[in-house]
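Dear colleague,

Please find below the structure that I am handing over to you. My notes on what was found in it follow directly after.

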Amino acid sequence: MSNEYFDGMSLTYASDEQEIPLIITAQDPTLSLSQWASNNRDKINHLLSTYGAILFRNFDVNSSTAFERFVEQVSGSALRYTERSSPRKQVEGNIYTSTEQPKEESIFLHSEQSYNNQFPLKLFFYCAQAAEQGGETPIADARDILASLPASVVEEFQRRKYRYARYFWPMMGMTWQKVFQTEDPQVVENYCKQNDIEYQWMPDGALKTHQIRATVASHPDSGDRCWFNHCTFFNVSTLAPHTQEILLGSFAEDELPNNTYYGDGSKIPDDVLDTLRAAYEDNKKEFTWQTGDVLMLDNLLMTHGRNPFSGDRKVLVAMSQTGHWQELEAKP
């Protein structure tokens, strides 16, 4: 692969043992990524559907505006961040910071917005400033994760689905106002009704919701089956031990800011959750960010996370193209 070229760009793997992300490197660092991508959109998307992750390196990408232009050229307009689960800042247009979670914390691998009825099919990350140390964006192929899970575990989730429960405390986690981007409870209720979310207003004004979602999706182009859900990510047992201790010592289980269950509300056994976490970890791949890098992910094919870091780090994110669970749920 190290000797292959595509329209003057070298194509390489992250290493001899690691094929993802596929790295496309410009020979001329003054070349505009958006301009080059506009002439190679079909080829880029073909490579993405195969590898799931492409890292563009050594192109001229020096601002959030240039980043957004690339997204538009290769995938259409960036999407607005709705039904939020992570604290982010809007930079401009529909370009956001990747997360505002503390730098000391790891962010477990997940599939972006898979808990929504509608979700982005493509993700983009722009490294405006690489961290002094750490701060990688690990990825894992959702096809490989699914293949490594015991058939009995997958069948149980496909039969029962999973339930994502949220409790929006005014002073803990993300408030419903931030998540739904409104101060109007009626807007929240309308959104919930339109998106198959059960909701309950509590006496103190807090909001309690849950939604039942599938766990396996079929890729719209290839038909590949992908482990596509937030079941592991949002389960309280996936959090760092000290965070678990604080939350479980402060709230009743049905009042936790986030948690997951089987679709009928019953607890997912600890050994099943251990198996799920191991499947993500066993398939995890990493690369080192360089300032100016742009990472393009197929959101169905590729999960992503974040490693802790030191120093300043600035990674921006954009999402594009909408998928729907109603159309993409894989049948048992």
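There are 11 salt bridges in this structure, which is a predicted model. Three of them are described here, beginning with a pair inside one helix. The side chains of Glu156 and Arg160 form a salt bridge with an N to O distance of 2.9 Å. Both residues belong to helix H5 (residues 151–160), where they stand four residues apart, about one turn of the helix. Glutamate 156 has a relative accessibility of 24% and therefore counts as partly exposed. Arginine 160, at 21%, is likewise classed as partly exposed, since the buried class is reserved for values under 20%.

Arginine 160 also takes part in a salt bridge with aspartate 264, at 3.0 Å from N to O. This second pair connects distant parts of the chain: arginine 160 sits in helix H5, whereas aspartate 264 sits in the loop between strand E16 (258–262) and helix H9 (270–282), and 104 residues separate them.

A further salt bridge joins lysine 208 to aspartate 254, with 3.7 Å between the closest N and O atoms. Here too, distant parts of the chain are linked: lysine 208 is in strand E13 (residues 207–213), aspartate 254 is in the loop between helix H8 (241–250) and E16, and the two are 46 residues apart. Aspartate 254 has a relative accessible area of 47% and is partly exposed; lysine 208 is partly exposed as well, at 24% relative accessibility. As for connections between salt bridges, shared partners join Glu156, Arg159, Arg160 and Asp264 into one network.

I turn next to the nonpolar cores. In soluble globular proteins, nonpolar side chains tend to be buried together. The largest nonpolar core in this model has 30 residues, and the members that touch the most others are Ile24, Trp36, Ile44, Phe56, Phe59, Phe67 and Phe70. The greatest contribution to this core comes from helix H3 (residues 64–75), which gives five residues. Another core lies apart from the largest one; it has 24 residues, including Leu149, Tyr162, Tyr262 and Ile268.

Phenylalanine 70 may merit a look of its own. Its contacts, leaving aside neighbours within four places in sequence, are Leu33, Ser34, Ala37, Phe56, Phe124, Val294 and Met296.

Serine 320 is located in strand E21. With a relative accessible area of 0%, serine 320 is buried, because that value falls under the 20% cut-off. Residues up to four places away in sequence not being counted, serine 320 touches Val71, Ser75, Gly76, Ser77, Leu79, Pro120, Leu121, Lys122 and Phe124.

On open and enclosed space, the second largest pocket holds about 370 Å³. It is lined by 21 residues, of which Arg80, Thr82, Glu83, Asn116 and Tyr191 are the closest to its centre. At least two lining residues come from each of strand E8 (118–129), helix H6 (176–180), helix H7 (185–194) and strand E21 (314–324). Sorted by class, the lining of this pocket comprises 10 nonpolar, nine polar and two charged residues.

One cavity of 30 Å³ or more is present. The largest cavity contains about 40 Å³ of space. Its lining consists of Phe157, Gln158, Lys161, Ala214, Thr215, Val216, Glu329 and Ala330. By class, these are four nonpolar, two polar and two charged residues.

Finally, some points on the backbone. Isoleucine 20 and proline 21 are joined by a cis peptide bond, with omega at about -5°. Proline 21 lies in the loop between strand E2 (9–12) and strand E3 (22–25). Glutamine 181, a residue other than glycine, has a positive phi, near 55°. Glutamine 181 is in the loop between H6 and H7, and at a relative accessible area of 43% it is partly exposed. Aspartate 196, also not a glycine, has a positive phi of about 55°; this aspartate is placed in the loop between H7 and strand E12 (197–201).

With kind regards

Technical notes:
Residues are numbered from 1 along each chain as its sequence is written. This is a predicted model: local features need pLDDT of at least 70, side-chain atom pairs count only at pLDDT 80 or more; totals for chains, interfaces and linings use all residues. Side-chain values use heavy atoms; hydrogens and water are left out. A nonpolar core is a set of buried Ala, Val, Leu, Ile, Met, Phe, Trp, Tyr and Cys residues joined through side-chain atoms within 4.5 Å. Buried means under 20% relative accessible area, exposed over 50%, partly exposed in between (1.4 Å probe, protein chains only). Contact means heavy atoms within 4.5 Å. A salt bridge is a side-chain nitrogen of Lys or Arg within 4 Å of a carboxyl oxygen of Asp or Glu. On a 1 Å grid over the protein atoms alone, a cavity is a set of points where a 1.4 Å probe fits but cannot get out, and a pocket is an open set with protein on both sides within 12 Å along at least five of seven lines; lining residues have an atom within 4 Å of a point. Grid points are joined across faces, edges and corners, and a volume is the space filled by probe spheres set on the points. Ala, Val, Leu, Ile, Met, Phe, Trp, Tyr, Cys and Pro count as nonpolar, Asp, Glu, Lys and Arg as charged, and the others, Gly among them, as polar.
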